[in-house]
Structures are given as C-alpha cells and as structure tokens.
Amino acid sequence: MEAIEELYQLSDSMKQAAALLADEDVEENSSSKRSSTFLNVVAFGNVGSGKSAVLNSLIGHPILPTGENGITGAPISIDLQKDGSLSSKSIILQIDNKSQQVSARALRHSLQDRLSKSSSGKNRDEIYLKLRTSTAPPLKLIDLPGLDQRIMDESMVSDYAEHNDAILLVIVPAAQAPEIASSRALRLAKEYDGEGTRTVGLITKIDQAASEQKALAAVQALLLNQGPPKTVDIPWVALIGQSVSIASAQSGSENSLETTWRAESESLKSILTGTPLSKLGRIALVDTLAQQIRKRMKVRLPNLLSGLQGKSQIVQDELVRLGEQMVESAEGTRAIALELCREFEDKFLQHITTGEGSGWKIVASFEGNFPNRIKQLPIDRHFDLNNVKRIVLEADGYQPYLISPEKGLRSLIKGGVGAGERTSTSLC
C-alpha cells in the first residue's frame with residue numbers, strides 16, 4: 001500500500017507539470033472523471049474471470065456485484081481516495097461537494113439495479129463512483145464488461161485502454177492459464193501496450209484449480225516469466241477466488257484485513273510451492289501496480305523535465321528583457337522604464353489604430369459619445385457674464401472691501417471641471 005501512496009504526490013506534481021506545459025488550468029482538469037493521473041487501472045477479461053472480485057480486493061470492501069447476479073453490463077469507474085482517519089469499515093460516497101457514509105451492501109445493491117438496466121439495453125453509460133476509505137490505495141479503478149459480451153466492442157476498450165497513463169490489468173482464471181496465448185484480454189493488452197510497460201497480468205481462482213496440475217504448471221510458468229513469448233515481459237500475480245473474504249475480515253479488529261491478506265499469500269504459497277511471495281496475493285498486486293506506475297512516470301519524466309526547462313528559459317529570457325537590469329543602477333532603471341513606456345505607447349497606439357482588444361471601444365467613445373456629451377455641458381450658461389458676476393460677488397460676501405475674486409474664479413473652474421469629470425465618467 002505504501003508503495004502507491006508514495007507515488008501519489010509525485011503523480012499530482014507530474015499532472016500539474018503536464019497542465020503547465022499545455023497552458024491548461026490544472027483545477028479545471030481535475031474535475032474530469034478521466035484526468036491523466038498515472039493512477040488509472042483498467043481491468044478487463046471474460047465474463048466469470050473474477051474482475052469484480054479482484055477490484056473488491058483492491059478496494060477492501062465488497063462493493064462490486066460478483067457471481068451470477070454481478071455480470072458487469074456497463075463500465076464502472078471507481079475513483080478512490082485514501083483517508084487514514086476512517087475506520088476499516090467506513091465508506092464515504094462523494095457526490096459533487098457532499099459526502100455521505102454508505103455501506104458496501106447498499107452500494108452493491110444499487111450497482112446491481114443499475115447493471116440490470118444496462119443488461120436490458122436501457123443504459124450502458126459509464127457508472128461513476130467517488131469513494132473515500134482507509135483500506136484502498138489512491139487509484140482510479142475501471143471495471144469493463146466481459147470481453148465476450150455482445151456490448152463489448154473494440155471502441156469501448158480503446159476509450160479506456162488507449163490512454164498512455166492507464167495501467168492495463170489483464171485478468172485470466174487459473175483454469176485457462178494453459179491457453180493464455182489465445183486470450184483476447186492478452187491480445188488487446190499487447191495491442192495498446194506492445195512493450196508491456198503498463199500491463200499487469202493477474203491469474204485468479206487459484207484455489208479452484210488446486211487439483212489441476214496442468215493448470216498449476218502453466219500458472220507457475222507465468223509467475224516465473226517462463227510462459228509463452230508474448231507473456232514474458234508482463235509481471236504476473238496470482239490471487240485466490242474471492243481474493244479476500246472481505247465480509248468476514250471486517251467483522252474483527254482494525255488489522256483484520258491486512259491479517260487476511262497475509263493469510264491469503266500464505267495459502268497461495270502452499271498451492272504454488274516455490275513461487276516467491278512477491279507474486280502472490282493482494283499485497284503483491286498493489287506492489288506490482290506501483291512498480292508499473294513508476295515505470296510510466298519514468299518514461300514521461302524526461303519529456304516533462306525537458307519541457308519545463310524550456311518553459312523556464314523562456315520566462316528567464318522574458319524577465320531579462322523586461323527589467324532584470326533595474327537592480328544594477330539608477331540609470332539602467334530609468335532606461336528600462338522609458339523603454340517600457342515606449343512599448344506601452346506603441347501597443348496602445350496599435351490598439352487604437354487597429355481596434356485590437358478593446359481599442360475600438362476607446363475610439364467609439366471619443367468619436368461618438370464624447371463629443372455629444374461635451375455639447376450637452378451647460379458651458380454657455382455656466383460662464384454667462386451675469387453668472388460669473390454673481391459667483392464672484394458671493395464668494396466672499398457682499399462687502400465691497402472684502403471682495404476676493406480669486407475664490408469665485410476657483411469656484412467657476414471647479415464647477416466646469418466637475419461637469420467634465422461627470423462626462424468622462426459616463427463615457428467609461
């Protein structure tokens with residue numbers, strides 16, 4: 001679990017760097033249900049391969065329907081956020097800006113109802129859930145319908161699998177391991193990830209094939225990277241049928257889930273003797289996913305760093321052009337200030353001449369509204385000789401020996417300027 005949590009902050013930083021290079025707003029992108037976070041895991045396989053059970057194991061809660069009543073009839077996207085303050089039994093469902101505590105059973109039944117409608121052809125759109133738990137790694141899990149269903153076509157797979165930052169989780173039951181070379185899930189993984197740098201293979205239901213020596217031999221060959229040529233560059237992990245008996249595990253203490261996961265690894269080791277623990281169980285699966293995510297980050301990191309260095313150099317060059325010399329001397333500061341003033345004047349005149357930006361508004365104001373407003377000013381009445389005499393006489397009273405025309409003149413000017421200010425304000 002810690003392996004992926006350590007990658008979470010780096011993933012977020014890389015997402016912000018990618019948005020910066022694309023001149024995008026990372027906050028706007030974060031609202032997308034399929035944002036590029038390097039933490040997307042797309043699970044696909046045939047009906048009955050155990051996809052939903054595997055994802056339940058990763059979540060730590062039996063949320064996704066399994067068995068005969070749990071056939072996935074539409075893509076299910078579960079956006080997980082780890083919250084260490086919650087108990088291992090708590091699930092918080094987030095809808096918009098609201099949070100609501102729910103039970104795994106209620107979520108499972110709700111999904112069953114929606115999937116039954118999907119199977120009847122009423123709705124096959126993606127089902128999206130955003131959850132907070134203390135048991136799940138911070139991943140975005142996508143459970144696709146079985147590849148052998150009629151609704152599953154190549155376009156639906158490509159919608160999720162073609163994204164360069166999505167880990168492809170190929171799920172194959174142990175009984176089908178001997179025929180892994182003909183697996184459609186493996187073929188699609190190779191189609192979208194030829195080099196195997198973002199694919200993880202998962203062999204499920206080991207316990208159900210414990211008595212089939214041919215199947216176990218094929219499973220061990222895959223786990224030891226000794227299987228068919230098209231499988232050797234993919235890391236493989238083995239799980240038991242329901243992967244984790246989540247319901248019974250959660251009835252105990254806070255540590256019961258981790259105890260059960262470790263017991264699962266030991267049980268698998270007793271069946272697949274000689275196989276390292278790093279290939280067995282839910283804990284191994286999380287660590288393997290983390291390794292593949294790290295590989296994807298390493299592939300993208302050089303390009304991101306190169307792009308950021310280029311952006312940084314552009315900013316540095318612009319800073320030098322705009323005023324780095326200001327700190328060197330007073331003469332340099334004045335020279336830069338005058339240069340900026342000239343640039344501003346040139347740009348302003350360009351906008352006035354061409355109408356770029358809001359330049360046309362300024363021109364329209366001075367050529368249209370401004371002359372009309374000037375004509376509306378009561379200039380003639382304000383500076384009428386009788387009005388001027390009255391204002392001058394009233395400025396200091398009516399005693400002839402105290403008359404000071406300066407104050408009256410100032411009053412006249414103030415009145416005229418005030419009228420002009422009101423005109424200019426109305427224009428703005």
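A nonpolar patch, as the term is used here, consists of Val, Leu, Ile, Met, Phe, Trp or Tyr residues with over 30% relative accessible area and no salt bridge, their side chains being joined within 5 Å. The model on display is predicted.

Begin at the surface by selecting Phe-344, Phe-348, Leu-349, Ile-362 and Phe-366, which form a nonpolar patch of about 520 Å². Colouring by element shows that α11 (330-354) and α12 (359-376) each give two or more residues to this patch; α11 gives the most, with three. Next, centre on Phe-366, which belongs to helix α12. Because its relative accessible area is 53%, above the 50% cut-off, Phe-366 counts as exposed.

Now turn to strand β7 (166-173). Eight of its eight residues are buried, so the strand is largely enclosed by the rest of the structure. Display its side chains: Ala-166, Leu-168, Val-170 and Val-172 point one way, while Ile-167, Leu-169, Ile-171 and Pro-173 point the other way. In a regular strand, side chains alternate between the two faces of the sheet.

Add the strands that pair with β7. With β1 the pairing is parallel over five bridges, and Val-42 stands opposite Leu-168. Strand β8 (residues 199-204) also runs parallel to β7, joined by six bridges; here Leu-168 faces Thr-199. Show α6 as well to see the right-handed β-α-β unit made by β7, α6 and β8.

Finally, select helix α5 (residues 154-161), where Met-156, Val-157, Ser-158, Tyr-160 and Ala-161 are buried. The cover over these residues includes β1 (40-44), β6 (140-143), β7 and α6 (184-192).

Key. Residues are numbered from 1 along each chain as its sequence is written. This is a predicted model: local features need pLDDT of at least 70, side-chain atom pairs count only at pLDDT 80 or more; totals for chains, interfaces and linings use all residues. Side-chain values use heavy atoms; hydrogens and water are left out. Buried means under 20% relative accessible area, exposed over 50%, partly exposed in between (1.4 Å probe, protein chains only). Helices (H or I, at least four residues) and strands (E, at least two) are DSSP runs, numbered from the N terminus. Contact means heavy atoms within 4.5 Å. Patches are made of residues with over 30% relative accessible area and no salt bridge: like charges are joined within 9 Å, nonpolar side chains (Val, Leu, Ile, Met, Phe, Trp, Tyr) within 5 Å. Accessible areas come from the Shrake-Rupley method with a 1.4 Å probe; for residues, only the protein chains shown count as cover. A salt bridge is a side-chain nitrogen of Lys or Arg within 4 Å of a carboxyl oxygen of Asp or Glu. Two strands pair if DSSP finds at least two bridges between them. A crossover is right-handed if, with the strands pointing away from the viewer, the path from the first strand over the helix to the second runs clockwise.
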